[in-house]
Amino acid sequence: MTEDAADGGDGPSTEAEIRWAAFEVLVERGFDEFTTQAVADEAGVSQSLVHYYYDTKEDLVFSMFTNGLDHLADEVRERADSDDPRERLLELARYMLRTPDGEEFEEAVEFSRMLLEIEAQAPYDDRLREAVEYDSEFLEEFVADAVREGIETGQFRAVDPEPFAVTFVAAIRSGQNRRAIFADDERVDPVLDGVEALVDDYLGEGGA
């Protein structure tokens, strides 16, 4: 998640601090115990101040989630930017499934848990469902673009990019969920091996 600089200062704004506190409450206690009072206690502010920025708990959750997704999209564009389509796909998988440079493993686990907790609420919340859909479409289009480029250059065999992209992203999401649940790289590494094989064995010219 990103930190918004306070107006005229170097530190995070009060609103950003509340979002960070919400993030900590969610990953430590889960959605059932997520309340604006718990967030206020974590942030060291009054509950009325939380409600000054966010009318409801649902507003706060939505803001926290979309802020995290914006950060994720920016990081994907920055970290998976190889000119080689195959490497771009693998860079995406590595970024999503391995602890990124400059981050602690626990931070990556917490982010995965935040995604899992909120996505579990998406079937019951129209705004969250739309945000999850937007995030999925961004990642799937990122993958499909790389596949199209690889086909055009002759690196990949001719396949339908969209179904591949959906499958590729779903596999990555499964790996993130395993990291969220087990907090163990050994549970995630086979998923990364699998998506790499999917690229080479299915997209490669020797694929079925």
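**Entry: Leu 92**

I looked up the neighbours of Leu 92 in this predicted model. Leaving out residues up to four places away in sequence, I found that Leu 92 touches Val 76, Ala 80, Leu 139, Phe 142, Val 143, Phe 168 and Ile 172. Leu 92 itself sits in helix H5.

I then asked whether Leu 92 is buried or exposed. Its relative accessibility is 2%, so Leu 92 counts as buried, since buried means under 20% relative accessible area.

I also noted one distance. Leu 92 and Glu 137 are 45 residues apart along the chain, and their C-alpha atoms are separated by 15 Å.

**Entry: Arg 88**

I went to another residue of helix H5, Arg 88. Its relative accessible area is 12%, and therefore Arg 88 is buried too; the cut-off is again 20%.

What does the side chain of Arg 88 reach? I found the backbone oxygen of Ser 82 at 2.9 Å from it. With residues up to four places away in sequence set aside, the residues touched by Arg 88 are Ala 80, Asp 81, Ser 82, Asp 83, Phe 142, Ala 146 and Glu 149. Ala 80 and Phe 142 are on the list for Leu 92 and on the list for Arg 88.

**Entry: helix H5 as a whole**

I checked the length of H5. The helix has 13 residues, and from its first C-alpha to its last it reaches 18 Å. That is close to the 18 Å expected at 1.5 Å a residue.

How many residues of H5 are buried? I counted ten of the 13, so I wrote the helix down as mostly covered. The buried ones are Pro 85, Arg 88, Leu 89, Leu 90, Glu 91, Leu 92, Ala 93, Tyr 95, Met 96 and Leu 97.

Next I looked for what these residues pack against. The partners are helix H4 (57-79), helix H7 (126-152), helix H8 (161-182) and helix H9 (185-203).

At the N-terminal end of H5 I found a cap, Asp 84. One of its side-chain oxygens lies 3.3 Å from the backbone nitrogen of Arg 86.

**Entry: the second largest pocket**

Which helix gives the largest share of the lining of the second largest pocket? I found that it is H5 (residues 85-97), with three residues. The full lining is Arg 79, Glu 91, Arg 94, Tyr 95, Arg 98, Thr 99, Pro 100 and Asp 101. Glu 91 and Tyr 95 were already on my list of buried residues of H5.

I sorted the lining by class and got five charged, two nonpolar and one polar residue. The volume of this pocket is about 160 Å³.

**Entry: the cavity**

I searched for cavities of 30 Å³ or more and found one in the structure. The largest cavity has a volume of about 40 Å³. Its lining is made by Leu 69, Asp 70, Ala 73, Tyr 134, Asp 135 and Phe 138. H4 and H7 are the elements that give two or more residues to this lining. By class I noted four nonpolar residues, two charged ones and no polar ones.

**Entry: helix H2 and two positive phi angles**

I turned to helix H2 (residues 36-43), where the buried residues are Thr 36, Ala 38, Val 39 and Ala 40. Their cover includes helix H1 (14-29), helix H3 (47-53) and H4. H4 had come up before, among the partners of the buried residues of H5.

After H2 comes Gly 44, which has a positive phi near 75 degrees. I found a positive phi at Ala 183 as well, about 50 degrees, although Ala 183 is not a glycine. Ala 183 lies in the loop between H8 and H9. Its relative accessibility is 29%, so I entered Ala 183 as partly exposed; the range for that runs between 20% and 50%.

**Entry: the whole chain**

Last I looked up the overall figures. The chain has nine helices and zero strands, which gives the pattern α-α-α-α-α-α-α-α-α along the sequence. Its C-alpha atoms fill a box of roughly 60 × 35 × 35 Å, taken along the principal axes.

What share of the 208 residues counts as buried? I read off 45%. For contacts with a separation of 6 or more, I noted that 65% are between residues 24 or more positions apart.

Note on methods
Residues are numbered from 1 along each chain as its sequence is written. This is a predicted model: local features need pLDDT of at least 70, side-chain atom pairs count only at pLDDT 80 or more; totals for chains, interfaces and linings use all residues. Side-chain values use heavy atoms; hydrogens and water are left out. On a 1 Å grid over the protein atoms alone, a cavity is a set of points where a 1.4 Å probe fits but cannot get out, and a pocket is an open set with protein on both sides within 12 Å along at least five of seven lines; lining residues have an atom within 4 Å of a point. Grid points are joined across faces, edges and corners, and a volume is the space filled by probe spheres set on the points. Helices (H or I, at least four residues) and strands (E, at least two) are DSSP runs, numbered from the N terminus. Ala, Val, Leu, Ile, Met, Phe, Trp, Tyr, Cys and Pro count as nonpolar, Asp, Glu, Lys and Arg as charged, and the others, Gly among them, as polar. The expected span of a helix is 1.5 Å times one less than its number of residues. Buried means under 20% relative accessible area, exposed over 50%, partly exposed in between (1.4 Å probe, protein chains only). Contact means heavy atoms within 4.5 Å. A polar contact is a pair of N or O atoms within 3.5 Å; within protein, one must be able to donate a hydrogen and the other to accept it, and residues adjacent in sequence count only if both atoms are side-chain atoms.
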